[in-house]
Structure formats: structure tokens, C-alpha cells
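Got your viewer open? Load the model and get ready to click along.

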Amino acid sequence: MAYCSYSRFPVFPAILTADGAIITGCNVENASYGLTVCAERTAIQRAVAEGHRQFTAIAVTCDIKDRFVGPCGACRQVLME
């Protein structure tokens, strides 16, 4: 479901909440790249909007096979909080 018409780099996270729900997200890009919302933040925002505040795990997948791609700094900050 990613909207990544600029980077062509779809990202799909799944968050496991403390009560066992699985919340997903996707990246949503914008021509003004600073307004792009990363997939991890989309999943966190969706989880919070649905009433979840405690998380057990997060998995993030993309189509890069040969190296690790971790969350950006903004996503790491949101995930920490």
C-alpha cells in the first residue's frame, strides 16, 4: 500500500502491541520530500490512533536483499518515545 512514486522504495512495517494486535503501516511520499512520512512512523501513528500505547516488537521489510537498512533518525526518535 506504500505511496512511493518518487523513491520507488516501498517499506512495510508491522508492530506487535502489548495486547497482541498487529498494526501495519507504509511510507507515504510527497514531492516536497521533507513532508514524506516514513512507514515506521505511519505504523506508530496508526497504532496510537487506535488506542495502543505499549509495543512488544516491530518488524520492517523492504526489497533490499544484500544489506541492512535501518530506520531513519526521526523514526528512531518516535520509536523510542
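Here is a short tour, one selection at a time. Keep in mind that this is a predicted model.

**Stop 1: the annotated stretch.** Select residues 1-81. The UniProt record, an unreviewed entry, places the feature "domain: CMP/dCMP-type deaminase" on these residues. Switch to a cartoon view: over residues 1-81 the chain is 23% helix and 20% strand. Click the C-alpha atoms at the two ends of that stretch, and you'll find them 26 Å apart.

**Stop 2: the sheet.** Now colour the strands. Three of them make an open sheet, in the order 2-1-3, with antiparallel pairing. Which strands sit at the edges? They are strand 2 (22-24) and strand 3 (55-61), and each of them pairs on one side only. Look at how the sheet twists: on average, neighbouring strands are turned by 20° against each other, ignoring direction.

Zoom in on strand 1, residues 12-17. Strand 1 runs antiparallel to strand 3, and six bridges join the two. To see a pair face to face, pick Ala-14, which stands opposite Ala-59 in strand 3.

**Stop 3: a loop cysteine.** Next, select Cys-38, which lies in the loop between strand 2 and helix 1. What does Cys-38 touch, once you skip its neighbours within four places in sequence? The contacts are Cys-26, Asn-27, Cys-72 and Cys-75. For a sense of distance, try Arg-67 too: Cys-38 and Arg-67 are 29 residues apart in sequence, and their C-alpha atoms are 19 Å apart in space.

**Stop 4: two helices together.** Finally, select helix 1 (residues 39-49) and helix 2 (residues 73-80). Their axes are 9 Å apart and the packing angle is about 25°. Angles under 35 degrees count as roughly parallel, so helix 1 and helix 2 are roughly parallel to each other. The crossing of helix 1 past helix 2 is left-handed.

Show side chains to see who meets whom. From helix 1 come Glu-40, Arg-41 and Ile-44; from helix 2 come Ala-74, Cys-75, Val-78 and Leu-79. Sorted by class, this contact has five nonpolar residues, two charged ones and no polar ones.

Technical notes
Residues numbered from 1 in each chain as written. Predicted model: local features only at pLDDT ≥ 70, side-chain atom pairs only at ≥ 80, totals over all residues. Heavy atoms only, no water. Axes fitted to C-alpha atoms, helices over the stretch in contact; angles between N-to-C directions. Helix = DSSP H or I, 4+ residues; strand = E, 2+ residues; numbered from the N terminus. Parallel < 35°, antiparallel > 145°, perpendicular 65-115°, else oblique. Left-handed = near helix turned anticlockwise from the far one by under 90°. Contact = heavy atoms within 4.5 Å. Nonpolar A, V, L, I, M, F, W, Y, C, P; charged D, E, K, R; others polar. UniProt positions renumbered as here; feature names shortened; annotations may be inferred. Pairing = 2+ DSSP bridges.
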